[in-house]
Structures are given as C-alpha cells and as structure tokens.
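Dear colleague,

I am passing on the structure we spoke about, with the sequence alongside. Please look it over before reading the notes underneath.

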Amino acid sequence: MTRNRQRPLLAAAAGMALVLAGPAGSVHADDHDRARAGVQSGDLLPLRAVLDRVERDFVGRVLDVELEEEDGAAVYEIEILASGGRKIELVYDARSGRLLKAKGRDLESAR
C-alpha cells in the first residue's frame, strides 16, 4: 500500500482509538465500554486488526466506525469514502474479522 493511501486510514484509526480510549463525545459511552471489555476478554478483535483488513482490501478514507449488534452478533460497521466521493459501507464480524457485507455504488472499483 502506498504511503499516501495509508495516511487517511491511519488518521481515522488513530481518531477512533482516541474515541475508544478517551471520554465519549459523539460516541455512546456504552459502545466504548463494550468495545474495551470485549477486546480485553478476547471476545472481540481490536479495531486496528479490522482496519488492517480494510486497508488491505479497499481503497479509500475511513469516515466512521461503529461497534454494533446485528442479529445477536457484534459487528464493526465501517464507512469509507472511495474515489469520486462514493461512500462504501462495510460490516465486519467483530469476533473473527470476516467481512460480512459490503455495499456501495461501484463497489468493485474500491477493491
């Protein structure tokens, strides 16, 4: 991955790490607590591990990351901004890191 391509993703990851590590601003405190507890117990992958997969498989800038519950399972919902201003929505299993869903206009060009 080129250095220019890494910079926005790393900046977004650092921002999310600050959100998870610091006081909750626009992120709900319970999300922060659930993420920390899940990672510490080994039930959830650290966000960095999932963002590494995003960086490997997609081209774009991370806009938003949320830890959600979907069908009884914890998932990381990640939104990236691909070329041409297209938003791509990705859903990763927070336990295994497996990509569950990917949607967005012209998705294949972001891979």
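The notes below go from the overall make-up to the sheet, the core and one turn.

This is a predicted model, in which local features need pLDDT of at least 70 and side-chain atom pairs count only at pLDDT 80 or more, whereas totals for chains, interfaces and linings use all residues. Residues are numbered from 1 along each chain as its sequence is written, and side-chain values use heavy atoms, with hydrogens and water left out.

The protein has 3 helices and 4 strands, which follow one another along the sequence as α-α-α-β-β-β-β; helices (H or I, at least four residues) and strands (E, at least two) are DSSP runs, numbered from the N terminus. Of its 111 residues, 32% count as buried, where buried means under 20% relative accessible area, exposed over 50%, and partly exposed in between (1.4 Å probe, protein chains only).

The strands make an open sheet in the order β1-β2-β3-β4, with antiparallel pairing; two strands are taken to pair if DSSP finds at least two bridges between them. The edge strands, each pairing on one side only, are β1 (61-70) and β4 (99-103). Within the sheet, 9 bridges join β1 to β2, while β2 (residues 73-81) and β3 (residues 87-93) are paired over 7 bridges. Tyr76 appears in both pairings, as the bridge partner of Leu67 and as the residue opposite Tyr92 in β3.

Helix α3 (residues 47-57) lies across β1, β2 and β3 and runs at about 45° to β2; axes here are lines fitted to C-alpha atoms, for helices over the stretch in contact, and angles run from 0 to 180 degrees between N-to-C directions.

The largest nonpolar core (a set of buried Ala, Val, Leu, Ile, Met, Phe, Trp, Tyr and Cys residues joined through side-chain atoms within 4.5 Å) has 21 residues, of which Tyr76, Ile78, Ile80 and Leu90 touch the most other members. To this core α3, β1, β2 and β3 each supply at least two residues. Leaving aside neighbours within four places in sequence, Ile78 is in contact (heavy atoms within 4.5 Å) with residues including Val50, Leu51, Val54, Val62, Ile88 and Leu90.

Finally, β1 and β2 form a hairpin with 2 residues between them. In that turn, Asp71 has a phi near 55°, a positive value in a residue other than glycine, and Asp71 is exposed, with a relative accessible area of 81%.

With best regards
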